[in-house]
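User: Please look at the entry below and answer some questions on its fold and its RNA contacts.

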Amino acid sequence: MMNYSFPKQEKVISQKIIEALYSKGNYSVYVFPFKVSMAFVAEQQANCQVLITVPKRNFKKAVDRNRIKRQIREIYRLNKHLLLNNTALQSKQIAISIAYISKTNLAYNQAENSLQKVINLIALHLEKDHSIPVSPIN
RNA sequence: CGUGCAAAAUGUUCUAUCGCGUUACACCUGUGUAAUGAGGAAAGUCUGGGCAACACAGAGCAGCAUACUACCUAACGGGUAGGCUUUUAACGUAAAAAUUAAUUGACAGACAGUGCUAAAGAAAAUUAAACUACCUGAGUUUUUUGUAUAAAAAUUUAGGAAAAGGUGAAAAGGUGGUGUAAGAGACCACCGGGUAAAUGGUAACAUUUAUUGCAAGGUAAACCUUAUGCGUUGCAAGGUCAAAUAGGUUGUACCGAGUUUCGGCUCACAAGGCUGCUCGUCUUGAUGUACAAUGGGUAGACUGCAAUAGACUAUGUUAGUGAUAGCAUGGCAAGAUAAAUGAUAGAAUUUGUUUCAUCGAAAGAUGAAAUAAAACAGAACCCGGCUUAUAGUUUUGCAAAAAAA
RNA sequence: GCUGUUGUAGCUCAGGGGUAGAGCACUUCCUUGGUAAGGAAGAGGUCGAGAGUUCAAUUCUCUUCAACAGCU
């Protein structure tokens, strides 16, 4: 049975993690219309935490931003099993930020394909990282 | 009948699957069940208040805001009614006025004072000026006539006057007449304005009468004057709990002079706070010494904060022209915090476009199918307003044109 | 959420009621064997948008749009 829920523990809330996501030279993927970056964290309640952002510069109105964020959240919620079922993740804790780059409204099917591609790339990176004994953080 | 503009009202619905926030309950303590979950503007942050902290909040100056009258309201820069006013239309007329309807107004004061008023124009602000043109007197020249005189023209000069021309946004009441050398409110009639009184109205103001020839434009969204009001900062206010790191921090007493009944009082100095400044007022007494107390505070978390409560709201009724107020009955309805209230699929509803069919002279109407669209916009401490944005539908008003009767 | 500032030529900025300028950049000419520098001339503006006050608005007032900054 797949777990499609998306509780609050799986969202990035701490400001320190957000700074870590954007400041350090982390692993990042660029697949249109998303820019995804990833960081290793510690002492969090969930294995994988997600931050979804839509820039105010591209979308002036709060209605548009909210709608795009909700759509991205739905896409992630329905596809996160691709990442969480990966065995490489079991021993680690990561944070992911998904930024929406495009200036036009979101096309659902295209965005779903892109996000699936991104998740696969991240899973690949995790497996490679697992082969290296020393993790880059700590 | 349609179109456009303005104002007001309304602001699509249902099902399935998978999810999110809050509250309640249950237990296996992180799951389940149930209930519930965004607007008329939630927006802009333009305003008034609640609430909170700063001295339970002082005076003057400065500063800011408001500005016809009466009323409503917790309060307001908001609203209602009225007055005056702008524009348009109708009616009316020779033309106006008056009247009616809609509409406009940051609607106190420009004889308290200071400034500004370009270019153009002769002259641009307190009794202004004279370019062309007008009139009178004097001189010179020319022409006419037989001469003088006289007349006419040109020119110089001394005045008159402000009517005509031209400039300008504005040229010192307007129109018509009398008058005059020419003219002029110099005088007269009507219109407009000022002053006073009476009447009506709570008042703004209106009407009538009398009187005044009527001289000093505009700008106060220039400074300003008058009247009224305003303490400052905002929930990132404020309060509680509290890792790591760094190091201390806080309270009390003593510490200038005089006096003393040893409780204090007065004076001086210094530091700090209270609104930008001044006054006034409050607190403290440097450094240091002694004693006492363990905390203070950042990341973060909780609270403030979401309701059996209120300037709440729906309906009815009473009072009032109305805003609104009273009474009766019913209702209690979001609370997130990198920020919930959704996503996907299907169906219905409304509207547009295209095609087809029927009716019709035509405009068009009805039905079916396909396709597209369904506005503006997302609570963030809470209420009252204002402003701005809004597809489609409905209502009201206005505008212009065409067709038919 | 709250508080403020700024929009003028391609760029950086003046101007604070009387029809808009400076520097750099651009165009043409002169100078040089040629280029640069230098000299002379020229072009380029809805003064963010819409209303209002005024005879007249880039300037004053209101509304609105955009950009930027500060407060944890």
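The questions and answers that follow concern a predicted model.

User: In what pattern do helices and strands follow each other along chain A?

Analyst: The model is predicted. Chain A holds four helices and four strands. Read along the sequence, they give the pattern α-β-β-β-α-α-β-α.

User: Which strands stand at the edges of the sheet, and why is one side of each left without a neighbour?

Analyst: The four strands form an open sheet with mixed pairing, in the order 1-2-4-3. Each edge strand has a single partner strand, so one side of each lacks a neighbour in the sheet. Neighbouring strands are turned against each other by 15 degrees on average, direction ignored. The edge positions belong to strand 1 (27–31) and strand 3 (48–53).

User: In what sense do strand 2 and strand 4 pair, and over how many bridges?

Analyst: In general, strands of a sheet pair through backbone hydrogen bonds, parallel or antiparallel. One bridge here links phenylalanine 40 to isoleucine 94 in strand 4. Between strand 2 (residues 34–40) and strand 4 (residues 94–100), the pairing is antiparallel, over seven bridges.

User: At what angle does helix 2 run to strand 3?

Analyst: Helix 2 lies across two strands, strand 3 and strand 4. Its angle to strand 3 is about 150 degrees.

User: Is isoleucine 75 buried or exposed?

Analyst: Isoleucine 75 is part of helix 2. Leaving out residues up to four places away in sequence, isoleucine 75 touches Ala111, Glu112 and Leu115. A residue needs 20 or more other C-beta atoms within 10 Å to be buried. Isoleucine 75 has 22 C-beta neighbours inside 10 Å and therefore counts as buried.

User: How far apart in space are isoleucine 75 and glutamine 116?

Analyst: In sequence, isoleucine 75 and glutamine 116 are 41 residues apart. From C-alpha to C-alpha, the distance between them is 8.9 Å.

User: Which helix gives the most to the surface near RNA strand B?

Analyst: RNA strand B is surrounded by 23 residues, and the closest are Tyr4, Ser5, Lys61, Arg70 and Glu74. Helix 1 (15–23) and helix 2 (62–79) each supply at least two residues of this surface. With nine residues, the most comes from helix 2.

User: How many charged residues does the surface near RNA strand B have?

Analyst: By class, ten residues of the surface near RNA strand B are nonpolar and four are polar. The charged residues there number nine.

User: What share of the residues of chain A count as buried?

Analyst: Chain A has 138 residues. The share that counts as buried is 19%.

Terms used. Residues numbered from 1 in each chain as written. Chains lettered and ligands numbered in written order. Predicted model: local features only at pLDDT ≥ 70, side-chain atom pairs only at ≥ 80, totals over all residues. Near = placed C-beta within 6 Å. Nonpolar A, V, L, I, M, F, W, Y, C, P; charged D, E, K, R; others polar. Buried ≥ 20, exposed ≤ 12 C-beta atoms within 10 Å, placed from the backbone. Contact = placed C-beta atoms within 7 Å. Pairing = 2+ DSSP bridges. Axes fitted to C-alpha atoms, helices over the stretch in contact; angles between N-to-C directions.
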